[in-house]
Amino acid sequence: MISRRRFSALMAGGAAMAAMPARAQTQGSLERIKASGVLRIGAVADGAPYYQKSIMDGSWRGFYMDICQKLADDLGLQLQVLETTWGNSVLDLQTDKLDVFFGLNPTPARQEVIDFSGPCFRNAFTLVTSRDSTATTWEEFNTPDMRIAVDAGSSHDAAVTRHCPNAQIIRLKSQSDATAAVQARRADAQCLVLVLALTLAAKNPSFGKVIIPTPTDSTTSNAGFRREPETSWRDFVTAWIETQREEGFVRKAVIDNMALVNVREEDFPEGFDI
């Protein structure tokens, strides 16, 4: 974890460089972005609660929009939003269309081509089950008669494979297919990360309840960067994220924007943490 002192040192370092004569500077990635006056981010139009673009006026909302706006404000930069997709965001970073993209899990394949910050928040794996289910631990779900639906090849699939090898794991093409399997009673539970599970439960109140099985297992949501030898921009954002986590801004942004998908703070299950 990067301390507040480390974050202050990075800020001070940036200010010191800004005060140096231009010819004396070896312009690093942080200074290059500061000198541009603009912070270029990517956003996904239908990515609520992470990102959401208004069809009425084109404005953006979402908890990563709040986080990016604060990052731009703290740097004194204008926020510039490029609409992208989850699938295209890595390419947009590689081709220098974006300075940063928030909301990527650092999978091994992605780590081969771009760089990442530390975790912006942790997204716990949950099981959405029928309301009469009494299981609360991975061990209790790990029985031969338990049928758990997942989208094949996903992090949900990996989590259930890791924790419930004795259960019947029903691997389907998409998250929607897995949801349909539970609704049709062809499965007893669906594995989803917390943000998606709460969104599903809000859309379908009769679907079931959201459980964070213990011991808690989480994936992370990070910021991605174009890979370059000089790392001052990545280091700065990583330290900045740590500070926002420590001060509660990230948690507040996440909870506040869950309202976009009709989730209230009291809807978060016991054991919730980011």
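## Overall dimensions

For a compact globule of 274 residues, a radius of gyration near 19 Å would be expected, and the protein chain agrees with this at 20 Å. The model is predicted. Along the principal axes, the C-alpha trace extends over about 70 × 40 × 35 Å.

The secondary structure of the protein chain consists of 11 helices and 11 strands. Taking contacts between residues at least 6 apart in sequence, 69% link residues at least 24 apart.

## Surface and charge

Buried residues make up 47% of the 274 in the protein chain. The exposed area is about 13,400 Å², and 50% of it comes from carbon and sulfur atoms.

The protein chain carries 29 positive and 33 negative charges. The mean positions of these two sets lie 2 Å apart.

## Nonpolar cores

The largest nonpolar core contains 64 residues. Within this core, the residues with the most contacts are Leu 39, Tyr 51, Tyr 64, Leu 71, Phe 102 and Trp 233. Helix α3, residues 63-75, is the element that gives the most to this core, with 8 residues. Apart from this core there is another, of 17 residues, including Phe 141, Ala 167, Ile 169 and Ala 189.

## Helices α9 and α11

Helix α9 covers residues 194-203, and its buried residues include Leu 194, Val 195, Ala 197, Leu 198, Thr 199 and Leu 200. The cover over the buried residues of α9 includes β6 (114-129), α8, β9 and β10. Of these, α8 spans 175-183 and β9 spans 189-193, while β10 spans 209-211.

Helix α11 runs over 249-257. Its buried residues are Val 250, Ala 253, Val 254, Ile 255 and Asn 257. An α-helix has 3.6 residues a turn, so residues three or four places apart point the same way. The buried residues of α11 pack against α3, β6 and α10, the last of these being residues 232-246. Strand β6 thus appears in the surroundings of α9 and also in those of α11.

## Cis peptide bonds

The bond from Ala 48 to Pro 49 is a cis peptide, with omega near 5°. Pro 49 sits in the loop that connects β1 (38-44) with β2 (52-53), and Ala 48 is found in the loop between β1 and β2 as well. Ala 48 has a relative accessible area of 25%, and therefore counts as partly exposed. Between the C-alpha atoms of Ala 48 and Val 195 the separation is 9.8 Å, although the two residues are 147 apart along the chain. Val 195 is one of the buried residues of α9.

A cis peptide bond also joins Thr 214 to Pro 215, here with omega near -5°. Pro 215 belongs to the loop between β10 (209-211) and β11 (218-226).

## Positive phi outside glycine

Arg 185 is a residue other than glycine with a positive phi, near 65°. Its place is the loop between α8 (175-183) and β9 (189-193). Arg 185 counts as exposed because its relative accessibility is 69%, where the cut-off for exposed is over 50%.

Asn 262 likewise has a positive phi near 65°. Asn 262 lies in the segment after α11. With a relative accessible area of 61%, Asn 262 is exposed.

## Two glycines

Gly 103 is part of strand β5, residues 101-104. Gly 103 counts as buried because its relative accessibility is 17%, against a cut-off of under 20%. Neighbours within four places in sequence aside, the contacts of Gly 103 are with Tyr 64, Trp 86, Ser 221 and Asn 222. Among these, Tyr 64 is listed with the residues that have the most contacts inside the largest nonpolar core. The C-alpha atoms of Gly 103 and Met 146 are 32 Å apart, with their positions 43 residues apart along the chain.

Gly 248 is located in the loop between α10 and α11. At a relative accessible area of 28%, Gly 248 is partly exposed. Gly 248 and Val 128 are 120 residues apart along the chain, and their C-alpha atoms are separated by 27 Å.

Notes: Residues numbered from 1 in each chain as written. Predicted model: local features only at pLDDT ≥ 70, side-chain atom pairs only at ≥ 80, totals over all residues. Heavy atoms only, no water. Helix = DSSP H or I, 4+ residues; strand = E, 2+ residues; numbered from the N terminus. Rg over C-alpha atoms; globule rule 2.2 N^0.38 Å. Buried < 20%, exposed > 50% of the residue type's maximum accessible area, 1.4 Å probe, protein only. Contact = heavy atoms within 4.5 Å. Areas by Shrake-Rupley, 256 points an atom, 1.4 Å probe, with all protein chains shown as cover. Lys, Arg positive; Asp, Glu negative; His and termini not counted. Charge placed at Lys NZ, Arg CZ, Asp CG, Glu CD. Core = buried A, V, L, I, M, F, W, Y, C linked by side-chain atoms within 4.5 Å.
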